[in-house]
Amino acid sequence: MRSVLEYYIIGTGETEMERIELAFALRDLFDELSTQIASIPITVLAPIAGTLLEHVTLILEYVQ
């Protein structure tokens with residue numbers, strides 16, 4: 001298997017729709033390349049008080 005040089009960062013102020021679009025795009029990518037890739041790294045940023053992104057909704061709040 002080869003490495004995917006692409007990765008994704010979630011939690012930088014994207015909209016809910018952009019998160020949904022990303023999920024579908026990743027599904028399609030994996031369906032197309034499932035025999036060639038082992039993983040697709042995703043980093044989820046947590047909002048921290050005192051930073052520019054402190055008011056961004058934490059993605060885990062959507063899961064609960």
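Trainee: Which backbone nitrogen does the side chain of Glu14 reach?

Mentor: This is a predicted model, where local features need pLDDT of at least 70, side-chain atom pairs count only at pLDDT 80 or more, and totals for chains, interfaces and linings use all residues. Residues are numbered from 1 along each chain as its sequence is written, and side-chain values use heavy atoms, with hydrogens and water left out. Glu14 sits in the loop between S1 and H1. At 3.0 Å, its side chain reaches the backbone nitrogen of Thr12.

Trainee: What is the pattern of helices and strands along the sequence?

Mentor: Helices (H or I, at least four residues) and strands (E, at least two) are DSSP runs, numbered from the N terminus. The chain has two of each: two helices and two strands. Read along the sequence, the pattern is β-α-β-α.

Trainee: Is Glu14 buried or exposed?

Mentor: Buried means under 20% relative accessible area, exposed over 50%, and partly exposed in between (1.4 Å probe, protein chains only). The relative accessible area of Glu14 is 17%. Glu14 therefore counts as buried.

Trainee: Which residue meets Glu14 in a salt bridge?

Mentor: A salt bridge puts a side-chain nitrogen of Lys or Arg within 4 Å of a carboxyl oxygen of Asp or Glu. A search of the whole structure finds two. For Glu14, the N to O distance is 2.7 Å. The partner, buried at 12% relative accessible area, is Arg19.

Trainee: With which residue does Arg27 form a salt bridge?

Mentor: Arg27 is partly exposed, at 43% relative accessible area. Its partner is also partly exposed, at 41%. The closest N and O atoms are 3.1 Å apart, and the partner is Asp28.

Trainee: Which element gives the most to the largest nonpolar core?

Mentor: A nonpolar core is a set of buried Ala, Val, Leu, Ile, Met, Phe, Trp, Tyr and Cys residues joined through side-chain atoms within 4.5 Å. The largest has seven residues: Tyr8, Ile10, Leu22, Leu26, Leu33, Ile37 and Ile40. Strand S1 (8-10) and helix H1 (16-33) each supply at least two of them. With three residues, the top contributor is H1.

Trainee: Which residues does Leu22 touch, not counting those up to four places away in sequence?

Mentor: Contact means heavy atoms within 4.5 Å. Leu22 belongs to the largest nonpolar core. The residues that Leu22 touches, with that exclusion, are Tyr8 and Ile10.

Conventions. A polar contact is a pair of N or O atoms within 3.5 Å; within protein, one must be able to donate a hydrogen and the other to accept it, and residues adjacent in sequence count only if both atoms are side-chain atoms.
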